[in-house]
Amino acid sequence: MRNSAKRAAVFGALLALSAALAVAESMIGALFPVPVPGVKLGIANIVSLFLLCCFSLSSALTISFLRTLLASLFFGGLGMFVYSAPGALLSTLAMYIALRRLKSLSIAGVSMIGACVHNIAQVCVAVLITGETGLFFYGFVLLIAGAVSGAVTGIAARVTMPRIAAALNVRCKISMFKEV
Amino acid sequence: MKHILLKADIILFLCIIAAAVIGMILFLGGGDAKTALIRKDGNIVRRVNLDTDQTFSVDGVLFEVRGGAIRFKESNCPGQECVHAGFFKRPGSSMACLPNRISVTVLGQSEVDAVAE
């Protein structure tokens with residue numbers, strides 16, 4: 001984007017959108033508690049997917065980092081930030097690689113990879129914090145949860161991304177409409 | 001709608017589920033659990049016999065042992081995720097309360113012997 005004012009406005013709007021999605025998700029979680037800790041839908045990930053498709057890896061990493069920081073300030077404090085930032089950054093990186101290298105996957109598949117990497121990274125952080133290697137067992141549970149939630153989020157992203165692009169008046173570089 | 005989920009997506013989905021299920025089967029031991037270990041910051045702070053029903057607290061976290069299983073009964077952490085997780089009884093299963101850096105893991109008989117040595 002040539003115009004830096006527009007750039008700031010678009011990224012600001014996307015950061016606000018992702019933070020709002022994170023808050024909305026925590027409200028859904030409060031209404032329908034899942035008996036499995038750490039399982040969530042990850043709808044804020046729609047914004048990361050959008051940034052990866054329409055802008056760059058660095059913008060997606062920056063926005064997901066800032067979103068994690070905001071969500072930690074809203075809900076959990078700094079401890080939660082340490083716990084969730086590695087997952088957010090690694091999953092964004094994994095989705096970037098999947099988007100570039102695994103051309104046969106649609107957005108839903110890319111999102112599944114992101115969700116699984118995110119969950120595995122969280123388990124690894126938990127093992128590092130507690131020193132309890134038995135928690136790796138929990139990684140298998142979260143792998144299944146990641147496949148399901150990633151698919152749901154990916155389908156939601158596929159449906160909403162063209163509308164976000166239209167609303168912000170940006171044109172996407174890749175490929176998210178590639179299979180249409 | 002048919003272009004939203006591609007064949008590769010479905011194959012990926014099934015592979016992840018299969019890998020997770022196989023991993024869980026390999027990870028979880030059989031047999032009866034006898035003991036649970038409570039760790040704080042990675043150090044064992046308490047070894048609990050699961051045959052005896054009891055309630056005890058470790059650093060602001062209340063544990064309950066009932067019918068050979070253990071759960072986080074109350075915790076002072078914000079998310080309460082460890083409490084929602086419920087009871088654990090299979091050897092190999094474990095859960096942590098990250099804000100308190102406290103974890104519990106259920107041991108099978110062979111692991112109990114190994115820890116005792």
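In this predicted model, A:Asn169 takes a positive phi of about 55°, and this residue lies just after helix H6 of chain A. Helix H6 itself, which covers residues 136–168 of chain A, spans only 41 Å between its end C-alpha atoms, although a straight helix of 33 residues would span 48 Å at 1.5 Å a residue. The helix bends by about 40° at A:Thr160, and a proline, A:Pro162, follows within four residues of that point.

Another helix of chain A, H2 (residues 45–54), is largely enclosed by the rest of the structure, because 10 of its 10 residues are buried. Among these buried residues of H2 are A:Asn45, A:Phe50 and A:Cys54.

Chain A as a whole has 6 helices and 0 strands, and its pattern along the sequence reads α-α-α-α-α-α. Its radius of gyration is 16 Å, which agrees with the value near 16 Å that a compact globule of 180 residues would have. Some further values for chain A are collected here.

| Property of chain A | Value |
|---|---|
| Span of the C-alpha trace along its principal axes | about 50 × 35 × 30 Å |
| Buried residues | 51% of the 180 residues |
| Contacts joining residues at least 24 apart, among those at least 6 apart in sequence | 71% |
| Exposed area | about 8,100 Å² |
| Share of the exposed area from carbon and sulfur atoms | 72% |

In chain B, B:Asp9 is found in helix H1, which covers residues 7–27. B:Asp9 counts as buried because its relative accessibility is 0%, and, leaving aside residues up to four places away in sequence, it touches A:Leu105, A:Ser106, A:Ala108, A:Gly109 and A:Met112 of chain A as well as B:Ile4.

Notes. Residues are numbered from 1 along each chain as its sequence is written. Chains are lettered from A and ligands numbered from 1 in the order in which they are written. This is a predicted model: local features need pLDDT of at least 70, side-chain atom pairs count only at pLDDT 80 or more; totals for chains, interfaces and linings use all residues. Side-chain values use heavy atoms; hydrogens and water are left out. Helices (H or I, at least four residues) and strands (E, at least two) are DSSP runs, numbered from the N terminus. Buried means under 20% relative accessible area, exposed over 50%, partly exposed in between (1.4 Å probe, protein chains only). Contact means heavy atoms within 4.5 Å. The expected span of a helix is 1.5 Å times one less than its number of residues. The bend at a residue is the angle between axes fitted to the seven residues ending there and the seven starting there. The radius of gyration is taken over C-alpha atoms; the globule rule is 2.2 Å times the number of residues to the power 0.38. Accessible areas come from the Shrake-Rupley method with a 1.4 Å probe; for residues, only the protein chains shown count as cover.
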